[in-house]
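Trainee: I would like to learn how to read strand pairing and ring contacts in a model such as this one. Could we go through it together, feature by feature?

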Amino acid sequence: MTTPTINKVLISCLLSISAGYAQLDGTIWEAEIEINNLSLQSVLNDQLQSGPNLKKATVKFPIEIWFWDETHCGIVFPQDKWNRRRIEEWSYGVPGDPGYAYYLYMTPKYQGGGSEAPSSENELGEEETISLYTYNTAKKSGALSQKTFFKKTTSNHRIGSYWRLSAVFKINGNKLVVSSASFVLAPNPLGPDAYKFLAPLPTLGKNTVFLKTSRQPSIEKDLKASFKTIYENSWD
């Protein structure tokens, strides 16, 4: 094989790899996932409680996968869709007038997001997350994993506790199809007032489909209160 031919092959391979990551790089995928066999036991002050309990339930909730760049990804929980977001806003008068006043309080639009998310937890060092993915262009398949360590003790988790989600997927046009997934947490429960996951650990519905959105992580992260609570008023 001549040198020009070898160069062409190498360039072709590099372009192929680059094109594969480009298909995911800077994209957001969303789904309403189904979790099967979910069993929970409430815990208070490290003691198992008689209730509330959840046994072998099937639940659905919205979740997103963000591909920040060619290697980093993140599991994102959209708070609007979970009905967990608070927005309080009022104003009086016209800006510039002596009597003008305003107040704004917004909790984050998104939670989670992996290592690249501009969240307070990441910036304050309260969490440490490893969230990476790989993608094979030829097979149109990939794998992702997110492991979040907690470095601050709260009622919901202790220092050193963690959770990990891993998944294998395929890309089919604007669909990301999860072929298998696993979930691990330790210890169980994560904190003194958390919920204990009862065996077997919950599983993701087979062939869960995520749809590609028109949103981009680079834009969404800069929205007001994207990953942080903000508080503004006219008298501070």
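Trainee: Which residue of β3 stands opposite Phe-67?

Mentor: Strands of a sheet pair through backbone hydrogen bonds, either parallel or antiparallel. In this predicted model, the residue of β3 that stands opposite Phe-67 is Cys-73, and the two strands concerned, β2 and β3 (residues 73–78), run antiparallel and are joined by four bridges. The connection from β2 to β3 is a hairpin with five residues.

Trainee: What is the bridge partner of Thr-27 in β2?

Mentor: Thr-27 has Phe-67 as its bridge partner in β2, so Phe-67 is named in this pairing as well as in the one with Cys-73 of β3. Strand β1, which covers residues 27–44, pairs with β2 in the antiparallel sense over 14 bridges. Between β1 and β2 there is a hairpin with two residues in between, and Asn-45 in that turn has a positive phi of about 55°.

Trainee: Let us turn to the open sheet. In what order do its three strands come?

Mentor: The order is β4-β5-β14, with antiparallel pairing. Because β4 (87–92) and β14 each have a single partner strand, they stand at the edges, and one side of each is left without a neighbour in the sheet. On average, and with direction ignored, neighbouring strands of this sheet are turned by 5° against each other.

Trainee: How many bridges join β5 to β4, and how many join β5 to β14?

Mentor: Between β4 and β5, which run antiparallel, there are six bridges, while strand β5 (residues 101–106) is joined to β14 by four, again in the antiparallel sense. Met-106 is a useful residue to follow here, since Ile-87 stands opposite Met-106 on one pairing, and Ile-230 is the bridge partner of Met-106 in β14. As for cover, five of the six residues of β5 are buried, and the strand is mostly covered.

Trainee: Now to the rings. How many aromatic pairs does the structure hold, and why is the pair of Trp-66 and Phe-227 called edge-to-face?

Mentor: The structure holds 16 aromatic pairs. For Trp-66 and Phe-227, the ring centres are 5.5 Å apart and the planes stand at 80°, which is why the pair is edge-to-face. This pair links distant parts of the chain, with Trp-66 in strand β2 (residues 47–67) and Phe-227 in the loop between α3 (217–220) and β14 (230–233), the two being 161 residues apart. Trp-66 counts as buried because its relative accessibility is 0%, and Phe-227 counts as buried because its value is 4%.

Trainee: What of the pair formed by Phe-67 and Phe-169?

Mentor: The rings of Phe-67 and Phe-169 have centres 6.2 Å apart and planes at 55°, and the pair is therefore tilted. This pair too links distant parts of the chain, since Phe-67 lies in strand β2 and Phe-169 in strand β9 (residues 162–172), 102 residues apart. Both Phe-67 and Phe-169 are buried.

Trainee: Which residues form one aromatic cluster with Trp-66, and which residue lies over the face of Tyr-162?

Mentor: The cluster is formed by Trp-66, Trp-68, Tyr-110 and Phe-227. Over the face of Tyr-162 lies Lys-147, at 4.4 Å from the ring centre.

Trainee: Finally, where does pLDDT stay under 50?

Mentor: Where pLDDT is low, the predicted coordinates should not be read in detail. Here, pLDDT stays under 50 over residues 6–21, for which the model has nine contacts beyond four places in sequence. For the chain, the mean pLDDT is 88, and 91% of the residues reach 70 or more.

Trainee: And what can be said of the chain as a whole?

Mentor: The chain has three helices and 14 strands, and buried residues make up 35% of its 236 residues. Of the contacts in the chain with a separation of 6 or more, 63% are accounted for by residues 24 or more positions apart.

Terms used: Residues numbered from 1 in each chain as written. Predicted model: local features only at pLDDT ≥ 70, side-chain atom pairs only at ≥ 80, totals over all residues. Heavy atoms only, no water. pLDDT = per-residue confidence, 0-100. Contact = heavy atoms within 4.5 Å. Phe/Tyr/Trp six-rings, centres within 6.5 Å; stacked < 30°, edge-to-face > 60°. Buried < 20%, exposed > 50% of the residue type's maximum accessible area, 1.4 Å probe, protein only. Lys NZ or Arg CZ within 6 Å of the ring centre and 35° of its normal. Pairing = 2+ DSSP bridges. Axes fitted to C-alpha atoms, helices over the stretch in contact; angles between N-to-C directions.
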